[in-house]
Amino acid sequence: MKKCRLIKITTVFFLFISSLISAQTNFFQTGATWGYSSLEHPDTPFDPYREWLEQSTLTGDTTINNLAYKKLHRHIKETDMQGNGGGIGNIVYFDYSTEYIRFDSLNKKVFYISDLNPIERLLYNFNLNIGDTVPNDSGIAPLIIDSIENISLFGYVAKKYFLITDTSQAGINPEQYIIEGIGGSNGLTILQPHEGFILSSYIVTDLLCFQLNNDVYPTGSVCDVFTRIKENDKNKFSVTVFPNPFQKSFHLNLSSPEKSMTLKIFDIVGKEIYTKLIWDKEEINDFTPSGLFFWKLMKKEELISSGKLLHIEN
């Protein structure tokens, strides 16, 4: 009798612990907020380009096809920027409120549906292993799970999946990842790859922050991309790289002097091959490899600007 009772208690305890583990990285709850920034990179630094700020929030429950979804509201600010540091042009705000997300806690998968497309699609699978591929919206090339890291996320352990592509796919952002329970670095409802293309330009998106209740990732007081100082600073700050393409050297000009800025250059498969501290105006004359590369200007861990760089042999 005691043995049977002990088995029942142990079973209940095991099921309780299992339910905690399966739910611990389910942050797709009402009030969850994601902040993203996107930057369009034109063919030359003199062409106009656009910047976007997006704040996505799960606002409540709804039922579609007898399945429970969360309503998704996206508020977006689009800013037209003049080329070569010419300043800010037109600013437009718009909203989306016809999208829905479903988190399958049993299978640790996230599904997406919208009023425009009522067919449910798999958005995220948090059961990935190294070597698995991730679907994409562009049809260019699938991304591959290159490595997995356990991170601390609001008191729990979550997996961070780092993504790469094969060498035939140029222009991949080296910091592409998916965080278990949160989603992708390239946009909440956008499948990989990180870059999206509009005509001859390409769009690079980065995750700024995620917030649920008082918890913010990465660390911070609030995930509000429209009121943070970061947005105002970014609109006042510009980076010019010229000539591009270049042969012997290129110049990198900042619209205002900044401390602790770092220029990083990556090859087409995302490997960092060059780094240099930048203050105000710099002539880069010690970068010798030829071909297509991608540069990023960082302030500590924050991405300030990025773009393409083409080095032509003399």
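**Strand pairing and salt bridges in a predicted model**

In the protein, residues 24 or more positions apart account for 50% of the contacts with a separation of 6 or more. The structure described here is a predicted model, and its secondary structure consists of 2 helices and 21 strands. Of the 314 residues, 44% count as buried. The protein exposes about 16500 Å², and carbon and sulfur atoms supply 54% of that area.

Strand pairing is a good place to begin. Strands of a sheet pair through backbone hydrogen bonds, in either a parallel or an antiparallel sense. One open sheet in the model has 5 strands in the order S7-S8-S9-S10-S11, with antiparallel pairing. Its edge strands are S7 (133-134) and S11 (183-184), each of which pairs on one side only. Within this sheet, strand S8 (residues 143-153) and strand S9 (residues 156-164) run antiparallel and are joined by 9 bridges. Asn-150 stands opposite Lys-159 in S9.

A second antiparallel pair is formed by strand S5 and strand S6 (residues 121-125), which are held by 4 bridges. A hairpin of 6 residues leads from S5 to S6, and Val-110 has Tyr-124 in S6 as its bridge partner. Strand S5 (residues 109-114) is mostly covered, with 5 of its 6 residues buried.

Attention now turns to charged side chains. Side chains of opposite charge can pair when their charged atoms come close. The structure holds 5 salt bridges. In one of them, the side chains of Glu-54 and Arg-74 meet at 3.4 Å, N to O. Because Glu-54 lies in strand S2 and Arg-74 in strand S3 (residues 67-82), this pair ties together parts that are 20 residues apart in sequence. Both Glu-54 and Arg-74 are buried. The pair also belongs to a wider arrangement, since Glu-54, Arg-74 and Glu-99 are linked in a network of salt bridges.

The surroundings of Glu-54 can be described further. This residue is found in strand S2 (residues 49-64), and it counts as buried because its relative accessibility is 15%, under the 20% cut-off. The side chain of Glu-54 makes a polar contact of 2.7 Å with the side chain of Ser-56. Leaving out residues up to four places away in sequence, Glu-54 touches Trp-34, Gly-35, Tyr-36, Arg-74, His-75, Ile-76 and Val-225. Arg-74 thus appears both in this list of contacts and as a salt-bridge partner of Glu-54.

Another salt bridge joins Asp-61 and Lys-70, whose closest N and O atoms are 2.6 Å apart. The two partners fall into separate classes of accessibility: Asp-61 counts as exposed at 55% relative accessibility, whereas Lys-70 is buried, with a relative accessible area of 19%.

The side chains of Glu-180 and Lys-108 also meet in a salt bridge, at 2.6 Å, N to O. Glu-180 lies in the loop between strand S10 (177-179) and S11, and Lys-108 in the loop between strand S4 (87-104) and S5, so the pair ties together parts that are 72 residues apart in sequence. This salt bridge therefore links a loop bordered by two strands of the open sheet to the loop that precedes S5. Glu-180 counts as buried at 5% relative accessibility, while Lys-108 is partly exposed, with a relative accessible area of 21%.

Two further sites complete the description. Thr-262 is found in strand S17 (residues 261-266) and counts as buried, with a relative accessibility of 16%. Apart from neighbours within four places in sequence, Thr-262 is in contact with Thr-275, Lys-276, Leu-277, Lys-296, Leu-297 and Met-298. At the surface, Leu-292, Leu-310 and Ile-312 make a nonpolar patch of about 210 Å². One of these residues, Leu-310, lies in strand S21 (residues 302-311) and counts as partly exposed at 33% relative accessibility. That value is compatible with membership of the patch, because patches are made of residues with over 30% relative accessible area.

Methods
Residues are numbered from 1 along each chain as its sequence is written. This is a predicted model: local features need pLDDT of at least 70, side-chain atom pairs count only at pLDDT 80 or more; totals for chains, interfaces and linings use all residues. Side-chain values use heavy atoms; hydrogens and water are left out. Patches are made of residues with over 30% relative accessible area and no salt bridge: like charges are joined within 9 Å, nonpolar side chains (Val, Leu, Ile, Met, Phe, Trp, Tyr) within 5 Å. Accessible areas come from the Shrake-Rupley method with a 1.4 Å probe; for residues, only the protein chains shown count as cover. A salt bridge is a side-chain nitrogen of Lys or Arg within 4 Å of a carboxyl oxygen of Asp or Glu. Buried means under 20% relative accessible area, exposed over 50%, partly exposed in between (1.4 Å probe, protein chains only). A polar contact is a pair of N or O atoms within 3.5 Å; within protein, one must be able to donate a hydrogen and the other to accept it, and residues adjacent in sequence count only if both atoms are side-chain atoms. Contact means heavy atoms within 4.5 Å. Two strands pair if DSSP finds at least two bridges between them.
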